[in-house]
Amino acid sequence: MKALVIARREIESYFLSPVAYVVTVVWLVWCGLQFYLLAGVFASAPSLSASANPLSAFFGGSVLFFIPLLVFAPVLTMRLLAEERHTGTLEPLLTAPITPADVVFGKYLAALLFWVCLWLPTGMYVWITSQFGRIDLGAVLASYLGVFGIGLYYMAIGLAMSALAKNQIVAALLTFMLLSGLFAVGLLGFVDTLSEQRDVIDYISLWGHMQAFSKGIVDTRFLVFDVTVAGLFVYLAWRALDDRRQS
Amino acid sequence: MIEVRHLTKRYGDRVAVRDLSFDVARGEVMGFLGPNGAGKSTTLRMLTGFLEPTEGEIKIAGFDARRQALEVKRSIGYMPEAVPLYLDMRVVEYLRYRAALKGVPRREIDKHVDRALELASVGDVKTRIIGQLSKGYRQRVGLADALVADPPLLILDEPTAGLDPNQIRQVRDLVRALAKEKTVMLSTHILPEVEAICARVVIIDRGQLKFTGRPEELRGGSAITLEARADGDKLRAALAGVEGVGTIAVKGADVQQARIEVNGDVHACAERVFRAVANAGIDLRELRRVDASLEDVFARLTTQEVHS
C-alpha cells in the first residue's frame with residue numbers, strides 16, 4: 001500500500017520536471033517518423049503487404065528503432081533513488097514507517113507506469129492502420145506485451161543502478177552501458193559463425209524478442225527472460241537500499 | 001520513552017559513537033549536546049532507524065529498534081539535520097504525501113495536515129512551492145512533517161540551525177508548547193537553547209557520553225563575589241565555616257573584594273553568606289552571584305581528553 005503512495009508521488013514528480021516532456025516529445029517524433037516512413041514503403045510496394053504490414057514492421061522490423069530507448073531508459077530511471085540520496089530526502093523517506101521494499105517497489109512501479117505512458121500514444125498508429133486495412137489485433141496486443149516485457153527489465157536495471165550509483169549521471173551511464181551491452185550481445189545473432197551460441201543470443205536479442213511478438217507469437221521464453229532479469233535487478237536495488245543502513 | 005544501551009557505531013576503523021547509554025523519560029524535553037562532529041546526528045539516525053547500530057540496544061516507546069522497526073518509526077516524528085525536502089512540491093502536497101506515508105487514514109489526512117500547518121505556523125505558505133521558501137520556512141515545514149502523524153516522540157536534529165532570532169524564539173515556544181503532551185529530544189550545539197527549553201541534558205563528545213543531568217547541575221562551580229569595607233582577616237573569619245563556601249579569595253586594602261567558590265546550591269549559600277557577614281558586624285556593599293558560563297563548562301567537558 002505504501003508503495004502506491006510512493007509511486008504516485010514519483011509519477012507526479014516526473015510530470016513536474018521538464019525531462020518527462022523532453023523524452024516524450026523526442027520519442028514520439030522519432031516514432032512518428034519511423035511509422036511515416038514504414039507506411040510510405042508499404043504504400044509504394046503492395047507486394048510486401050502479404051507477409052507484413054506497417055505495424056509489424058514498426059514493432060519488430062528494425063532493431064535500430066530501439067536505440068533511443070537505450071538513452072531514454074537511463075534518463076527515466078537515473079533519478080529514482082540517486083536523487084533522493086543526493087539531496088538527502090532519502091532520510092525522511094526511510095525514517096517514515098515503511099520498509100526499503102516499499103520504496104523500491106514504489107519507484108519501480110512509477111518507472112514502469114512512465115514506460116507505459118511513453119508507448120500509449122503509439123496506439124494512434126494502430127488506429128490509423130486499421131482505417132486503411134485489416135490489422136491483426138492479436139499481433140498488436142502481443143507486440144505491446146513484448147514492449148512491456150522489455151520495459152520490465154529496462155526499468156529494473158535502471159532502478160538498480162540508481163540505487164547503487166553515487167549520483168544520477170553515474171546511474172545513467174551505468175544503465176546505458178548495461179543496456180547497450182545486452183543490446184550488443186543481441187546483435188551478435190547476426191554473426192553467422194556463432195551458430196552454436198545462437199540459442200543463448202536469441203534469448204537476449206531484442207530483435208528476436210520483438211520479431212516474435214510483432215508476428216503475434218507470444219514466446220514465453222522471452223517473457224521468462226524479461227521477468228527473471230527484472231526480478232534480479234529489483235532485488236539488487238532492494239539490497240543496495242537496505243545495506244546502506246550498515247554503512 | 002527512549003532507552004539506549006551500549007550503543008556503538010563504527011564506520012570501518014572510525015568510531016562515530018562509542019558505548020553510549022542514556023534514557024529519556026516520557027514527557028521530558030531532552031537536550032542532546034555536543035560539538036560539531038561529536039556523533040549527535042549519527043546517534044539520532046540510529047534512533048530513527050536510518051542507520052543500523054554496530055552494537056547496542058535501542059528501545060523506543062517499548063519497541064525494540066531492531067525487531068520492531070516499523071512500530072519504532074511510527075512512534076517518532078523526526079526532523080533530520082538540514083531538513084531535506086522535495087523542493088518541487090507545494091507545502092500542502094508534501095505534508096499530505098508524508099501523512100499518507102506515515103499511515104494517517106485517508107479521511108483524516110486533511111485534518112492532520114491543517115493541524116501541523118497551524119502548529120508549525122506555515123499555513124500562510126501552504127500553497128507555495130517548497131523550493132521557493134526561505135530557510136526559516138523550510139525548517140518549519142520540516143517541523144510540520146515531524147508533527148503531521150501526531151507521534152508521541154519528537155526527535156529534532158538542530159531545529160534552530162540557520163534561523164534568525166525571531167524564528168528561533170518561535171521554534172522554542174513551539175517545542176515548549178509541544179512538551180506538554182509529547183516527549184522531545186533535540187540536538188544542538190547552542191548552550192542557551194538547552195537552558196531555555198530542556199529539563200535534561202546529555203552531552204557527548206567524540207562519540208562518548210560526557211555528562212547527563214539537569215542543565216543547572218552543569219553549572220556546578222558557581223561563585224559569589226562580595227565587596228565590603230572591613231579588615232581582610234575579619235572577613236575571611238566571618239566567611240569560613242559557612243555551609244557551602246569553598247575557597248575564598250580576598251583582595252583589597254581598605255575595601256575588600258572577595259570571591260567565594262560555592263559548592264552546592266548557590267542561592268541558599270548567598271543567603272547564608274549575607275547573614276554571616278552581617279552577624280560579624282561587617283557592612284556589605286555588594287553581594288553578587290556569578291554563574292560559571294555554560295560555555296566554560298562545555299569547553300571543560302569536551303576538551304579535557306585532549307590533555308590527558
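The following paragraphs describe the fold of chain A, its contact with chain B, and selected features of chain B in a predicted model.

Chain A contains 13 helices and zero strands, so that, by the definition of helices and strands as DSSP runs, its elements read α-α-α-α-α-α-α-α-α-α-α-α-α from the N terminus on. Along the principal axes, the C-alpha atoms of this chain occupy a box of roughly 65 × 45 × 30 Å. The radius of gyration of chain A is 19 Å, which agrees with the value near 18 Å expected for a compact globule of 247 residues. Of these 247 residues, 41% count as buried. Among the contacts in chain A between residues at least 6 apart in sequence, 76% join residues at least 24 apart.

Helix α4 of chain A, which covers residues 67-77, illustrates the packing within this chain. Its buried residues are L69(A), F72(A), A73(A), P74(A), L76(A) and T77(A). These buried residues of α4(A) pack against five helices of chain A, namely α2 (18-44), α5 (79-87), α7 (100-119), α9 and α10 (168-187). In general, an α-helix has 3.6 residues a turn, so residues three or four places apart point the same way.

The two chains meet through 17 residues of chain A, which are in contact with 21 residues of chain B. On the side of chain A that touches chain B, the elements giving two or more residues are α1 (2-16) and α6 (90-95) of chain A. Of these, α1(A) gives the most, with five residues. By class, this side of chain A comprises seven nonpolar, six polar and four charged residues.

The largest nonpolar core has 134 residues, of which A111(A), M155(A), A156(A), L159(A) and A144(B) touch the most other members. Helix α9 of chain A, spanning residues 137-164, gives the most to this core, with 14 residues. When residues up to four places away in sequence are not counted, A144(B) touches L95(B), A116(B), L117(B), L119(B), A120(B) and V122(B). Another core lies apart from the largest one and has 14 residues, among them I224(B), L235(B), A258(B) and V277(B).

Chain B includes an open sheet of four strands in the order β12-β13-β11-β14, with antiparallel pairing. Strands β12 (245-251) and β14 (283-290) of chain B stand at the edges; each has a single partner strand, so one side of each is left without a neighbour in the sheet. On average, and with direction ignored, neighbouring strands of this sheet are turned by 20° against each other. Strands of a sheet generally pair through backbone hydrogen bonds, either parallel or antiparallel. In the present sheet, β12(B) runs antiparallel to strand β13 (residues 255-262) of chain B and is joined to this strand by five bridges. The bridge partner of V250(B) in β13(B) is A258(B), a residue that also belongs to the core of 14 residues.

Two helices of chain B pack on this sheet. Helix α9 of chain B (residues 232-239) touches β11 (223-229), β12 and β13 of chain B, and its direction makes about 170° with that of β12(B). Helix α10 of chain B (residues 266-279) touches β11, β12, β13 and β14 of chain B, and its direction makes about 170° with that of β14(B).

Backbone conformation in a loop of chain B was also examined. Most residues other than glycine have a negative phi. A82(B), however, has a positive phi, near 70°, and V83(B), which is not a glycine either, has a positive phi of about 45°. A82(B) is found in the loop between β6 (76-79) and α3 (91-101) of chain B, and V83(B) lies in the loop between β6 and α3 of chain B. With 18 other C-beta atoms within 10 Å, A82(B) is partly exposed, whereas V83(B) counts as buried because 26 C-beta neighbours lie inside 10 Å. The cut-off for a buried residue is 20 or more other C-beta atoms within 10 Å.

Helix α2 of chain B (residues 69-75) contains E71(B). This residue is partly exposed, with 15 other C-beta atoms within 10 Å. The C-alpha atoms of E71(B) and A61(B) are separated by 8.8 Å, the two residues being ten residues apart along the chain.

Note on methods:
Residues are numbered from 1 along each chain as its sequence is written. Chains are lettered from A and ligands numbered from 1 in the order in which they are written. This is a predicted model: local features need pLDDT of at least 70, side-chain atom pairs count only at pLDDT 80 or more; totals for chains, interfaces and linings use all residues. A residue is buried if 20 or more other C-beta atoms lie within 10 Å of its own, exposed if 12 or fewer, and partly exposed in between; C-beta atoms are placed from the backbone. The radius of gyration is taken over C-alpha atoms; the globule rule is 2.2 Å times the number of residues to the power 0.38. Two residues are in contact if their C-beta atoms, placed from the backbone, lie within 7 Å. Ala, Val, Leu, Ile, Met, Phe, Trp, Tyr, Cys and Pro count as nonpolar, Asp, Glu, Lys and Arg as charged, and the others, Gly among them, as polar. Two strands pair if DSSP finds at least two bridges between them. Axes are lines fitted to C-alpha atoms, for helices over the stretch in contact, and angles run from 0 to 180 degrees between N-to-C directions. A nonpolar core is a set of buried Ala, Val, Leu, Ile, Met, Phe, Trp, Tyr and Cys residues joined through C-beta atoms within 7 Å.
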